[in-house]
Amino acid sequence: MMALATPVRAGTAATPYRVYPLPQPGQRSGPNVTDDYERWYTEHTASNRMVLSLRSTIHPEIGWALDRLHRLCTNDLFLLKSLPGLTDALFEWPEWYVREGHLESEKYAIFSSSPEADRKHRHAIESLFVLRNSATNEPNALELADCRRTQPLIFDALNNLDPESDANTEFILNIIELLQAISFRVILPHPDTVENSPLRTLLQIAGYSTNRTLIVSALSALGLLFMYPSNVSRLQADSPALEAAIRYLPLFIDKPLVEASLNYLYAHLSHPPMAKAFLLNPSMPSALRVLVSLLLVEQVEEEVSVDISGSVRTISANTTFATPDHDLTTEELDRLVPMPEPQRCYEWMKAMFVIEPDGELTQVDFWNLYKDAFTPHVEVFPVLVASEVIKNVNVVFPQAQAMVLPGPPQRFVIHGVSRRKETQASQRFKCQWDRSLCSAMPSASAGELYDHLIEHVDDVEASHAPCLWSTCGATRMPKSSLRLHVLTHIPCSQAPARHPSQDDNITIAVDDKYPLANPTLRPPPPPRSTSVKFPRPVVDPPSSSLTALLIIRILFHTSFVATDLAPRPDGERFGFPGVVEEDDGEIMSEDYGSEGEGERKGRRAFVGVRRMMEGVRMKDEALANWVAEMVDAGFDGLLQ
């Protein structure tokens with residue numbers, strides 16, 4: 001019996017197995033078909049796998065292709081025309097749903113549809129979603145706008161599907177957004193034709209739907225459609241979309257809804273007949289007020305302070321300034337000149353000098369003061385010589401002494417006297433009897449002034465006399481009462497206390513001198529710190545504010561630009577204003593009357609918002625001029 005051979009492991013000479021070489025690191029063993037590798041799915045051939053999968057009618061393959069397209073369609077480099085047959089393949093499932101697929105969903109709205117119908121519904125929505133996302137890229141939007149299947153799909157969907165059904169909401173939303181992307185090629189059919197028109201459904205959604213997302217999408221689509229001249233003939237003055245836009249306008253917190261409403265209002269009112277008709281709308285004044293309120297809410301301002309102070313300097317109120325020397329007044333000079341010498345010299349020294357132990361005057365200055373005062377009258381009233389004047393100093397001021405100070409150079413001085421100063425106190429205690437004509441020297445104190453006034457009262461011979469102090473209007477009274485009355489004219493011995501709120505500094509202009517000889521003639525100083533504060537816009541207004549301003553501008557021009565003098569064309573006269581026919585007089589007067597009423601209502605509305613418009617500020621100069629023009633027109637709007 002033959003013995004069986006024992007198997008031997010690979011690598012030995014006796015092994016019966018084939019040896020396979022081990023793969024080297026980094027060596028590619030086959031094609032890369034991982035999930036994120038897209039190159040071979042997007043080859044530009046008619047046999048592209050994604051296109052073939054969409055047409056295969058095999059639901060897993062269709063779902064796989066749509067999932068890949070969802071990732072690709074958001075890329076700006078993704079082009080529908082680069083994949084032959086892809087656009088037509090994407091239209092098949094949405095067209096099926098619009099044609100027959102929606103019937104089962106609407107029929108069994110409260111029950112779950114069959115798995116088969118649910119898969120088809122999902123394919124239709126996903127295919128439409130790919131078309132909608134692709135249309136955000138301009139080349140794809142042009143491709144879909146020129147495609148013969150795009151507009152029929154949109155028109156049929158908006159006419160066949162019930163927008164109130166929850167099953168159709170997502171599909172209709174994608175349809176409307178696809179319509180927005182190709183709106184530049186859409187011409188709305190005339191209502192007399194048998195063609196399907198999306199206008200009725202869009203107006204119904206915008207005016208009566210309770211779905212906010214659909215309302216925003218419908219208002220946006222209508223605004224884009226009516227921006228093109230070929231579609232403005234379908235505008236209506238009583239459009240449900242217009243009422244909806246006005247109704248949703250005050251919801252400032254909902255930016256997308258407000259912007260959609262503003263865009264529709266701008267497209268609607270850009271057509272002159274609609275703007276004129278809107279002036280007669282009962283909601284026009286409130287809509288105008290809301291538009292101005294939106295401008296105020298969205299403007300961003302900063303407070304700017306501009307310093308307009310003049311050049312000033314401050315001086316401490318406690319600073320002691322050198323008061324000017326006293327000079328003879330006219331009254332004093334008239335009193336001294338006729339006096340005989342040396343009595344005149346004595347009185348002159350008392351008026352011009354005071355005792356001051358440390359004071360000092362040169363003998364030359366002393367003599368010059370005397371000579372300058374009395375030399376002009378020397379022909380009538382002789383004067384003393386210099387030596388006599390110097391000797392008389394000791395008679396009036398015993399403490400004073402004429403002396404010679406050693407030099408060099410030697411100085412001849414009079415020690416112990418100084419010039420009398422024009423102090424504030426001396427003016428305070430100046431007698432103003434005889435209606436301020438009293439020639440007496442100012443008193444040194446309040447008591448001295450009172451004694452002086454009593455002398456005036458005692459000089460009155462009558463038992464009753466009026467008060468003769470300056471401008472006092474006190475009538476005749478007994479002398480006893482007059483003695484008490486004069487006390488009311490004597491100033492306090494001490495200066496009045498400064499109020500706690502009074503500043504410690506005095507503000508004067510740079511060129512002003514201080515102290516002044518006559519403080520009552522001091523010009524009012526400029527304020528030390530004066531600034532003007534006003535708000536200023538920081539940034540340009542957002543797009544919603546700009547749209548609102550354009551709408552306000554349209555209403556302003558429609559209200560304030562008179563058309564009464566403009567010629568009106570007709571079939572016979574071609575607008576020549578010189579030709580008037582009686583047959584058309586009533587019709588033309590009615591037209592002009594309705595327009596005139598609308599303009600009057602528009603002007604009244606702008607007058608009502610004039611004060612609100614005064615608070616609107618624009619950074620751009622041209623826009624600021626717009627606002628200023630409308631504010632100015634509001635002042636006389638009712639007069640036009």
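Is I414 buried or exposed? Select I414 to find out: with a relative accessible area of 0%, I414 is buried. Here buried means under 20% relative accessible area, exposed means over 50%, and partly exposed is in between (1.4 Å probe, protein chains only).

Before moving on, a word about what is on your screen. This is a predicted model, in which local features need pLDDT of at least 70 and side-chain atom pairs count only at pLDDT 80 or more, while totals for chains, interfaces and linings use all residues. Residues are numbered from 1 along each chain as its sequence is written, and side-chain values use heavy atoms, with hydrogens and water left out.

**Stop 1: around I414**

Stay with I414, which sits in strand β5 (residues 411-419). Helices (H or I, at least four residues) and strands (E, at least two) are DSSP runs, numbered from the N terminus. Now add A402 to your selection: 12 residues separate I414 and A402 along the chain, and their C-alpha atoms are 4.4 Å apart. Leaving out residues up to four places away in sequence, I414 touches ten-odd neighbours you can click through, including G359, L361, F366, I390, V393 and A402. Contact means heavy atoms within 4.5 Å.

**Stop 2: the nonpolar cores**

Next, select L54, L86, L90, F171, L222 and Y264. In the largest nonpolar core, which has 109 residues, these touch the most other members. A nonpolar core is a set of buried Ala, Val, Leu, Ile, Met, Phe, Trp, Tyr and Cys residues joined through side-chain atoms within 4.5 Å. Zoom in on Y264: among the residues it touches, not counting those up to four places away in sequence, are L219, L222, F226, L235 and L242. A second, separate core has 22 residues, and C345, L361, F374 and V396 are included in that core.

**Stop 3: the salt bridges**

How many salt bridges are there? The count comes to 22, where a salt bridge is a side-chain nitrogen of Lys or Arg within 4 Å of a carboxyl oxygen of Asp or Glu.

- Select R71 and D67, whose side chains meet in a salt bridge at 4.0 Å, N to O. Both residues lie in helix α2 (residues 59-72), four residues apart, which is about one turn of the helix. R71 is partly exposed at 43% relative accessibility, and D67 is partly exposed at 35%.
- Select R132 and E177, a salt bridge with its closest N and O atoms 2.4 Å apart. R132 belongs to helix α4 (residues 115-134) and E177 to helix α7 (residues 166-181), so this pair ties together parts that are 45 residues apart in sequence.
- Select E298 and K255, where the closest N and O atoms of the salt bridge are 2.9 Å apart. Helix α13 (residues 284-298) holds E298 and helix α11 (residues 255-269) holds K255, so the pair ties together parts that are 43 residues apart in sequence. E298 is buried, with a relative accessible area of 12%, whereas K255 is partly exposed at 39%.
- Finally, select D88, E95 and R149, which are joined into one network by salt bridges that share partners.

**Stop 4: the cysteines**

How many disulfides does a search of the whole structure find? It finds zero, a disulfide being a pair of cysteine sulfur atoms within 2.5 Å. Select C438: its nearest cysteine sulfur is that of C431, 3.6 Å away, and C438 is in no disulfide. C438 is buried, with a relative accessible area of 8%. Then select C467, also in no disulfide, with the sulfur of C472 as its nearest cysteine sulfur at 3.8 Å. The relative accessible area of C467 is 0%, which counts as buried.

**Stop 5: backbone details**

Select E341 and P342 to see a cis peptide bond, with omega near 5 degrees. P342 lies in the loop between α14 (330-336) and α15 (343-352). Then move to helix α20 (residues 433-436), where you will find D434. D434 is not a glycine, yet it has a positive phi of about 55 degrees. S436 lies in helix α20 too, and its phi, near 70 degrees, is a positive value in a residue other than glycine.
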